[in-house]
Amino acid sequence: MERVTTQQLAMMPITFKLNGKTVIGRPDETLIECAKKNGIEIPHLCYKPGLRPDGNCRACVVEIKGERALAPSCCRYPKEGMEVTTDNERAVLSQKMVLELLLSDMPEKDYTRDNELDQWARKMKMGKPRFESRPQVKRDLSHPAIAVNLDACIQCTRCLRACREEQVNDVIGYAFRGEHSKIVFDQDDPMGASTCVACG
């Protein structure tokens with residue numbers, strides 16, 4: 001009798017419900033990937049195909065029947081019989097709140113025009129945010145080729161994951177807590193003085 005390999009198990013179909021419709025997914029694809037495959041768009045900012053899913057922005061939350069809290073669809077996988085809802089009032093209100101809070105901190109500058117956050121806000125039919133912006137970080141113009149505008153940073157950590165896991169340079173990090181948290185280079189050095197190799 002042949003044994004089933006881990007790779008074969010990852011390819012086996014799973015039947016579950018997505019917005020009331022029965023769909024087929026695989027144990028190795030996330031809920032956001034299954035949704036996209038089935039023509040359902042879920043807002044997302046920290047998720048990027050090719051990068052390890054982090055689930056830190058919470059723009060992609062969905063409701064899973066039987067679970068108390070909403071779940072980030074970028075790092076959850078389907079299970080047989082699972083019931084997932086992406087577009088009910090609870091999920092959509094939460095998605096919009098995340099986008100609105102992030103929008104409140106996004107300055108209207110030439111380098112922020114028509115960014116991904118703006119695009120999702122338009123798709124979700126959102127207006128101007130109701131909240132005040134938090135104090136903004138100063139620009140870092142210490143590098144001869146790259147301007148670092150952390151006032152436009154939503155702390156999705158895509159740059160960190162690309163630097164650490166794809167380029168394996170480990171220059172970009174995440175430091176501090178709460179409203180003081182921010183992206184840093186090395187030990188919070190100016191980018192031009194850091195070990196960044198400007199890989200792009």
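In the predicted model, Arg158 touches Leu45, Cys46, Tyr47, Lys48, Leu51 and Glu116, with residues up to four places away in sequence left out of the list. Arg158 belongs to helix H5, which covers residues 158–166. Its relative accessible area is 17%, and because the limit for a buried residue is under 20%, Arg158 is classed as buried. One of its neighbours, Glu116, is also a polar partner: the side chains of Arg158 and Glu116 make a polar contact at 2.7 Å.

Helix H3 consists of 17 residues, 89–105. A rise of 1.5 Å a residue gives an expected span of 24 Å, and the C-alpha atoms at the two ends lie 25 Å apart, so the two values agree. The buried residues of H3 are Ala91, Gln95, Val98, Leu99, Glu100, Leu103, Ser104 and Asp105. An α-helix has 3.6 residues a turn, so residues three or four places apart point the same way. The buried residues of H3 pack against three elements, namely strand S3 (61–64), strand S5 (83–85) and helix H4 (116–123).

Strand S3 pairs with two other strands. Its pairing with strand S4 (residues 71–72) is antiparallel and is made by 2 bridges. In this pairing, Val62 is placed opposite Ala71 of S4. S3 and S4 form a hairpin with 6 residues between the strands, where Gly66 adopts a positive phi near 90°. The pairing of S3 with S5 is likewise antiparallel and has 2 bridges; here Glu63 has Thr85 of S5 as its bridge partner.

A further antiparallel pair is formed by strand S6 (residues 172–175) and strand S7 (residues 182–185), joined over 4 bridges. Within this pair, Tyr174 is bridged to Ile183 of S7. S6 and S7 make a hairpin in which 6 residues separate the strands, and Phe176 in the turn has a positive phi of about 70°.

The largest nonpolar core contains 17 residues, of which Phe16, Leu31, Ile64 and Val84 touch the most other members. Two or more residues of this core come from each of strand S1 (14–18), helix H2 (31–37) and S3. The greatest contribution is that of H2, with 4 residues. Ile64 has contacts with Leu31, Ala71, Arg76, Met82, Glu83 and Val84, again without counting residues up to four places away in sequence. A second core, separate from this one, has 14 residues, among them Leu45, Leu103, Met106 and Trp120.

The cysteines were examined for disulfides. A disulfide is a covalent bond between the sulfur atoms of two cysteines. With a cut-off of 2.5 Å between the sulfur atoms, the count is 0 disulfides. The sulfur of Cys34 has its closest cysteine sulfur in Cys60, at 13 Å, and is therefore too far away for a bond. Cys163 is also in no disulfide, with the sulfur of Cys199, the nearest cysteine sulfur, 6.4 Å away. Cys34 is buried, with a relative accessible area of 0%. Cys163 is buried as well, at a relative accessible area of 9%.

Notes: Residues numbered from 1 in each chain as written. Predicted model: local features only at pLDDT ≥ 70, side-chain atom pairs only at ≥ 80, totals over all residues. Heavy atoms only, no water. Expected span 1.5 Å × (residues − 1). Buried < 20%, exposed > 50% of the residue type's maximum accessible area, 1.4 Å probe, protein only. Contact = heavy atoms within 4.5 Å. Core = buried A, V, L, I, M, F, W, Y, C linked by side-chain atoms within 4.5 Å. Pairing = 2+ DSSP bridges. Polar contact = N/O pair within 3.5 Å; in protein donor to acceptor, adjacent residues only side chain to side chain.
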